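Hi,

Here is the structure I promised to pass on. Have a look at it first, and then read on for what turned up when I went through it.

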Amino acid sequence: MSQPALPDPKAAIPKDPAKLARSLTGTVAELRRATDDWIRDGDPGKGQPPEPVVLLALQQQRVYRYLARNPEVASRTYARLSKSLAAQAKDNVTAIRNLLSLVHPISGSAKFRVQPAKPADVLLGHFKHAERRFGVDWEILAAVMFVETKFGRVRSPSHTGAKGPMQFMPGTWAAYGMGGDIQDTRDALLAAANYLRASGAPRDYRRALYAYNHSWAYVDAVQLHARQIKRDIRNYYAYYNWQVYVVTTDGDRRLTGP
């Protein structure tokens, strides 16, 4: 049986809710199958993800970003999805919408430093090591890194001066970095777990995440993404393949990916 054609990363997103629902349903189903193949037959601990996973995850991300900017279309699309996919879509769209609400568009000519992420299972090992040491759920750490730098792809400091894959302010790093390198992934994850634990995790993740970033929209977004990872680890691998976008005065600009 022939496989469905892979999505074109520049193809227009359908505007009709029925077509959007069909597109998202097919994309997610194919992405799950491609992810299972990658985990079973590939090696997420080495090298780059296979093309089907990259293109399908990007299509999923593009659909969710469109729905986040079009609430009425999103509501009509949810009604045409299965119950489980509607719940997943609502979590992702709400998280994206929350994060977009915190963004201030920048100049379209602004420069950013990006680089490939470390292999997915290398990061997974770091998340779980930090969880064992500090008792902070690895899914929360993964969601924070995902939101902050798309798993270390963004290397530029934030507009407030936060640095590294977990975006630490220098003063916070001095208090919780334990003498490590702010740019080192393993050190940064341990420091993030240390900081979250000192701020209330795992007893009170909302309080701890608010200490990490003083925005309830941010807190909600991180928890929504973490919930999706907890429900199905394939969502971690999907998020791993979501790409870096910046919002500019000329519109959204994608910095990574095909």
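The accessible surface of the protein chain is about 12300 Å², and carbon and sulfur atoms account for 51% of it. Bear in mind as you read that this is a predicted model. As for charge, there are 37 positive and 23 negative side chains, and the centres of those two sets are 3 Å apart.

On overall shape, the C-alpha trace spans about 55 × 40 × 35 Å along its principal axes. The radius of gyration is 18 Å, which agrees with the value near 18 Å for a compact globule of 258 residues. Buried residues make up 49% of the chain. If you take the contacts between residues at least 6 apart in sequence, 67% of them join residues at least 24 apart.

The secondary structure is quick to describe: eleven helices and two strands. Going along the sequence, the helices are followed by the strands, in the pattern α-α-α-α-α-α-α-α-α-α-α-β-β.

Now for the inside. Which residues touch the most other members of the largest nonpolar core? That core has 73 residues, and the ones in question are Y64, F127, F151 and Y236. Helix α6, residues 138-149, gives the most to this core, with nine residues. Leaving out residues up to four places away in sequence, Y236 touches A120, L123, L124, F127, W138, A142, F151 and I229. So two of the residues named above, F127 and F151, are among the contacts of Y236.

F151 deserves a second look for its backbone. It sits in the loop between α6 and α7, the latter being residues 170-176. F151 has a positive phi of about 65 degrees, although it is not a glycine. Its relative accessibility is 2%, so it counts as buried, the cut-off being under 20%.

M178 also has a positive phi without being a glycine, in this case near 55 degrees. You will find M178 in the loop between α7 and α8. Is M178 buried or partly exposed? At 41% relative accessibility, M178 counts as partly exposed.

There is a cis peptide bond too, joining A201 and P202, with omega about 0 degrees. P202 is in the loop between α8 (185-198) and α9 (205-212). The reason for pointing these spots out is that most residues other than glycine have a negative phi, and most peptide bonds are trans.

Next, helix α11, which covers residues 233-240 and includes Y237. Y237 has 5% relative accessibility and therefore counts as buried. What does Y237 touch, not counting residues up to four places away in sequence? The list is T35, W38, I39, P44, A120, D121 and L124. Y237 and E139 are 98 residues apart along the chain, and their C-alpha atoms are separated by 12 Å.

I233 is in helix α11 as well, but with a relative accessible area of 34% it is partly exposed. Leaving aside neighbours within four places in sequence, I233 is in contact with L124 and W138. L124 also turns up among the contacts of Y237. For a sense of distance, I233 and G108 are 125 residues apart along the chain, with 35 Å between their C-alpha atoms.

Two polar side chains to finish with. N92 is in helix α4, residues 83-100. Its relative accessible area is 2%, so N92 is buried. Again not counting residues up to four places away, N92 touches Y64, H225, Q228, Y239 and W242. Y64 is one of the core residues I mentioned earlier.

R32 belongs to helix α1, residues 17-41. With a relative accessible area of 31%, R32 is partly exposed. Apart from neighbours within four places in sequence, R32 is in contact with Q88, D232 and R234. R32 and G179 are 147 residues apart in sequence, and from C-alpha to C-alpha they are 40 Å apart in space.

Cheers

Technical notes
Residues are numbered from 1 along each chain as its sequence is written. This is a predicted model: local features need pLDDT of at least 70, side-chain atom pairs count only at pLDDT 80 or more; totals for chains, interfaces and linings use all residues. Side-chain values use heavy atoms; hydrogens and water are left out. A nonpolar core is a set of buried Ala, Val, Leu, Ile, Met, Phe, Trp, Tyr and Cys residues joined through side-chain atoms within 4.5 Å. Buried means under 20% relative accessible area, exposed over 50%, partly exposed in between (1.4 Å probe, protein chains only). Helices (H or I, at least four residues) and strands (E, at least two) are DSSP runs, numbered from the N terminus. Contact means heavy atoms within 4.5 Å. The radius of gyration is taken over C-alpha atoms; the globule rule is 2.2 Å times the number of residues to the power 0.38. Accessible areas come from the Shrake-Rupley method with a 1.4 Å probe; for residues, only the protein chains shown count as cover. Lys and Arg count as positive and Asp and Glu as negative; His and the chain ends are not counted. The place of a charge is taken as NZ of Lys, CZ of Arg, CG of Asp or CD of Glu.
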